[in-house]
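Got your viewer open? Load the model and keep the selection box handy.

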Amino acid sequence: MALFILDQPALTWFLLIWMCMDQNQNHPVTRKRAMTNSQSKIKYRKMPPDDIIVLAISALNSEITENMRAIAFGYDGKNAKFLFYMANKPKDFEKEAAEVIATTFDSGHPTKMESLDIEFVVTREKIGKLDGLNFILFHRHELEGEWMI
């Protein structure tokens, strides 16, 4: 049995890539069909490249709040969208956190994008029924009915 010792940055990248691979294959919220953004009419048809997914996930670092139920991500090469599903109306610091996430993503993106959208949706819908655009970057664990008080 071989033992590999990874430094912290290497371990972080390994875990991010592993999480992306796992979600691409069998994540219950990930949808493999074409989805349409109702506001901008951008169709997110296929999964983004792995390096874009890792960039989007790493942009979430320390910006997730307890009000954020899930964060969906849409990408088509020229346009990107972060869709924040919230339990309650977002506060100013949560809007700022979303801006930080989008700015961090944009700063690491290899080319200039045509649009980078942020949208907030306050919903009580089950996470499995939410529109995932291309990919769900984050969703919190919720036992049925426990948070809907």
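Here's a short walk from the whole fold down to two helices.

Start with everything selected, and remember that this is a predicted model. Colour by secondary structure and you'll find three helices and six strands. Trace the chain from the N terminus and the elements go α-β-β-α-β-β-α-β-β. Switch on a surface: the protein exposes about 9200 Å², with 56% of that coming from carbon and sulfur atoms. Of its 149 residues, 43% count as buried. If you like contact maps, take the contacts between residues at least 6 apart in sequence: 71% of them join residues at least 24 apart.

Next, select residues 92-108. That's helix α3, 17 residues running 25 Å from first C-alpha to last, close to the 24 Å expected at 1.5 Å a residue. Show side chains for Glu94, Ala97, Ala98, Ile101, Ala102 and Phe105, the buried residues of α3. Look down the axis and you'll see why they share a side of α3: they cover an arc of only 135° around it. Now flip to the face turned away from that buried side, where the exposed residues Asp92, Glu96 and Ser107 sit.

What lies over the buried residues of α3? Add 50-59, 68-75, 79-86 and 115-122 to your selection: α2, β3, β4 and β5 are included in the cover.

Last stop, α2 alone. Seven of its ten residues are buried, so α2 is largely enclosed by the rest of the structure. To pick the buried ones out, select Ile52, Ile53, Val54, Leu55, Ala56, Ile57 and Ala59.

How values were computed. Residues are numbered from 1 along each chain as its sequence is written. This is a predicted model: local features need pLDDT of at least 70, side-chain atom pairs count only at pLDDT 80 or more; totals for chains, interfaces and linings use all residues. Side-chain values use heavy atoms; hydrogens and water are left out. Helices (H or I, at least four residues) and strands (E, at least two) are DSSP runs, numbered from the N terminus. The expected span of a helix is 1.5 Å times one less than its number of residues. Buried means under 20% relative accessible area, exposed over 50%, partly exposed in between (1.4 Å probe, protein chains only). The arc is that of the directions from the helix axis to the C-beta atoms. Contact means heavy atoms within 4.5 Å. Accessible areas come from the Shrake-Rupley method with a 1.4 Å probe; for residues, only the protein chains shown count as cover.
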